[in-house]
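These notes are for someone opening this structure for the first time. They go from terms to overall layout and then to single residues.

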Amino acid sequence: MGIKSLRAVFGESYPDPVRVISIGKSVDELVEDPQNDAWMDFSVELCGGTHLRKLGEASAFTIVRDDTVQAGIRRFVALTGESAQDALTRVKEFESRLASVLQLPVGPHQLKELKTLQRDLQAAGHMTLHRRRALEDELGNSIRAAIKAGKKAAKKNKGGKAGKPAAAASTQVQIDPAAIKAQVQKLLEEHKDEKPILVVQVHDNAAPSELKALCTEFGVQANEKPVFLVSAAPEDKKNRI
C-alpha cells in the first residue's frame with residue numbers, strides 16, 4: 001500500500017493480499033521504488049479480482065451514464081456482455097421507430113407519435129449514451145418543427161396574414177325584391193362546393209333597402225361561408241348607398 005499514486009475505490013473491500021494493476025509501468029518497477037513521484041503519471045489501482053482473462057470475453061462494451069460527482073470529477077457507467085448488447089439493441093429500436101414516425105405527413109398525428117416516442121425514451125432502460133442523447137435532440141427538434149408547422153397551417157386556414165388570401169368564387173345577381181330568400185338559397189346551393197369565399201356582385205340599380213334585405217338573408221342562410229356583396233353606386237347616388 002506504500003506505492004505512490006496507488007488508488008483504491010472508497011468503501012470497497014479488497015482481499016489480502018490484493019492484486020495491483022498498473023498501466024504504463026510494471027508492478028515490479030513500482031515495488032522497487034514505491035515512493036517515486038514519477039508514478040503519479042500512471043494509473044496504478046487495486047483490483048478486487050481478475051474479472052476477464054482477455055478483452056474478448058467482454059463481447060461488447062458501451063457507456064450508458066455520465067454523472068458529475070463533484071467539481072472536476074465525473075463518473076462513467078458502462079456495461080459489457082449481454083447487458084451491453086441489450087443497451088445497443090434498445091437504442092437501435094428507438095432509432096427505427098423515430099425514422100418511421102418522421103416518414104408520416106406533418107400534422108397532428110405525427111406530433112402525437114413524436115410525443116409518445118419521447119415519453120417512451122424517457123422511461124427506457126440503459127441505452128448507449130451518445131446515441132440516446134442524439135435521439136433526444138432529434139426528437140426535441142422534430143416536435144418543435146411539427147408544432148410550428150401546425151400553427152402555420154392553422155393560421156393559413158383562418159386566412160391569417162402569414163398565409164395567402166383564400167380563394168373566392170364570383171357571381172352576379174339582379175335583386176328580385178319579392179324573392180330575395182329564394183335567390184339567396186339558390187346562390188348558396190349553386191356555389192356550395194366551390195371556393196370558400198363567395199363574392200356576389202349586385203346590379204348597379206339596387207336600392208339600399210334591397211341591399212339591406214339581401215345582406216340580412218345571407219346572414220341567415222350562409223352560416224360559416226364568408227360572402228362579400230359588391231354594388232357600384234351611380235354617380236348621382238354615391239352618397240346614398
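1. Terms for exposure. A residue is buried when its relative accessible area is under 20%, exposed when that area is over 50%, and partly exposed in between, using a 1.4 Å probe and the protein chains only. At 17% relative accessibility, D66 therefore counts as buried.

2. Basis of the notes. This is a predicted model, in which local features need pLDDT of at least 70 and side-chain atom pairs count only at pLDDT 80 or more, while totals for chains, interfaces and linings use all residues. Residues are numbered from 1 along each chain as its sequence is written, and side-chain values use heavy atoms, with hydrogens and water left out.

3. Confidence. The predictor's confidence in each residue is its pLDDT, on a scale from 0 to 100. The average for the protein is 79, and 77% of the residues score at least 70. Among the elements, helix 2 (residues 81-102) has the highest mean pLDDT, 94, and strand 6 (residues 168-173) the lowest, 67.

4. Layout. Helices (H or I, at least four residues) and strands (E, at least two) are DSSP runs, numbered from the N terminus. The protein has six helices and eight strands. Their order from the N terminus is β-β-α-β-β-β-α-α-α-β-α-β-α-β.

5. Totals. The protein has 241 residues, of which 25% count as buried. Its accessible surface, by the Shrake-Rupley method with a 1.4 Å probe and, for residues, only the protein chains shown as cover, comes to about 17,000 Å². Carbon and sulfur atoms hold 52% of that surface. A contact means heavy atoms within 4.5 Å. Of the contacts with a separation of 6 or more, 64% are between residues 24 or more positions apart.

6. The largest nonpolar core. Such a core is a set of buried Ala, Val, Leu, Ile, Met, Phe, Trp, Tyr and Cys residues joined through side-chain atoms within 4.5 Å. The largest one here has 14 residues, and F94, L98, L114, L121, M127, L135 and L139 touch the most other members. Helix 2, helix 3 (108-123) and helix 4 (129-157) each give two or more residues to this core. A second, separate core of ten residues includes V184, L188, A206 and L211. In soluble globular proteins, nonpolar side chains tend to be buried together.

7. Residues in and around the largest core. Which residues does L135 touch, not counting those up to four places away in sequence? They are V91, F94, E95, L98, L121 and M127. L135 lies in helix 4 and is buried, at 4% relative accessibility. Its C-alpha atom is 8.2 Å from that of L98, although the two are 37 residues apart along the chain. With the same exclusion of residues up to four places away, L114 touches L98, V101, L102, L139, S142, I143 and A146. S142 is also in helix 4, and at 14% relative accessibility it counts as buried.

8. Helix 5. In helix 5 (residues 180-190), I180, Q183, V184, L187 and L188 are buried. Measuring directions from the helix axis to the C-beta atoms, they cover an arc of only 125°, which puts them on the same side of helix 5. On the other side, K181, Q185 and K186 are exposed.

9. D66 and R75. D66 is in strand 4 (residues 61-70), and its side chain is joined to that of R74 by a polar contact of 2.9 Å. A polar contact is a pair of N or O atoms within 3.5 Å; within protein, one must be able to donate a hydrogen and the other to accept it, and residues adjacent in sequence count only if both atoms are side-chain atoms. Beyond four places in sequence, D66 touches R74, R75, F76, L129 and R133. R75 is in strand 5 (residues 73-80) and counts as partly exposed, at 47% relative accessibility. R75 and R65, ten residues apart in sequence, have their C-alpha atoms 7.9 Å apart.

10. A backbone angle to check. Most residues other than glycine have a negative phi. The phi of S59 is near 65°, a positive value in a residue other than glycine. S59 is in the loop between strand 3 (43-47) and strand 4, and is exposed, with a relative accessible area of 57%.
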